[in-house]
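Me: I have a model open and would like to learn how to read it. Can you walk me through a few features?

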Amino acid sequence: RVLIAHLECLDPATQAKVAGRVAALAADNLAERDTATKGLRSLGPLAEKSIRDAVDKATDAEVKSRLQELLKR
């Protein structure tokens with residue numbers, strides 16, 4: 001019998017990129033928020049854990065909504 005486990009770990013540079021994009025979701029500028037959303041979407045499953053953590057910490061309704069929408073895809 002064989003068990004295969006797949007574990008994805010973000011390198012520090014990617015973690016910083018995800019954190020920056022999550023922070024940009026709260027920007028005053030709509031274009032900046034949209035760019036951050038697209039950037040997070042482009043990372044795909046790689047950013048899922050960070051996005052889930054950010055949803056739990058989010059206090060801004062729009063940020064929380066955008067993050068939850070990203071998790072649906």
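Reply: Sure, helices come first: helices (H or I, at least four residues) and strands (E, at least two) are DSSP runs, numbered from the N terminus. Residues are numbered from 1 along each chain as its sequence is written, and side-chain values use heavy atoms, with hydrogens and water left out. This is a predicted model: local features need pLDDT of at least 70, side-chain atom pairs count only at pLDDT 80 or more, and totals for chains, interfaces and linings use all residues.

Me: Then where do K72 and E69 lie?

Reply: Both are in helix α4, three residues apart, about one turn of the helix. They form a salt bridge (a side-chain nitrogen of Lys or Arg within 4 Å of a carboxyl oxygen of Asp or Glu), with the closest N and O atoms 3.8 Å apart.

Me: Is K72 buried or exposed?

Reply: Buried means under 20% relative accessible area, exposed over 50%, partly exposed in between (1.4 Å probe, protein chains only). K72 counts as exposed because its relative accessibility is 65%, while E69, at 34%, is partly exposed.

Me: Which residues do salt bridges with shared partners join into one network?

Reply: R33, D34, E62 and R66. One of the links is E62 to R33, at 3.1 Å, N to O. That pair connects distant parts of the chain, with E62 in helix α4, R33 in helix α2, and their positions 29 residues apart. D34 also bridges to R66, with N and O 3.0 Å apart at the closest. D34 sits in α2 and R66 in α4, so this pair ties together parts 32 residues apart in sequence.

Me: Which residues of α4 are buried?

Reply: The general idea: an α-helix has 3.6 residues a turn, so residues three or four places apart point the same way. In α4 the buried ones are V63, R66, L67 and L70. They share a side of α4 because they cover an arc of only 95 degrees around the axis (taken from the directions from the helix axis to the C-beta atoms). On the other side, A61 and K72 are exposed.

Me: What covers those buried residues?

Reply: For contact, look for heavy atoms within 4.5 Å. The cover includes α1 (12-24), α2 and α3 (48-57). Take T37 in helix α2 (residues 30-43): leaving out residues up to four places away in sequence, T37 touches L25, R66 and L70. T37 is buried, because its relative accessible area is 9%.
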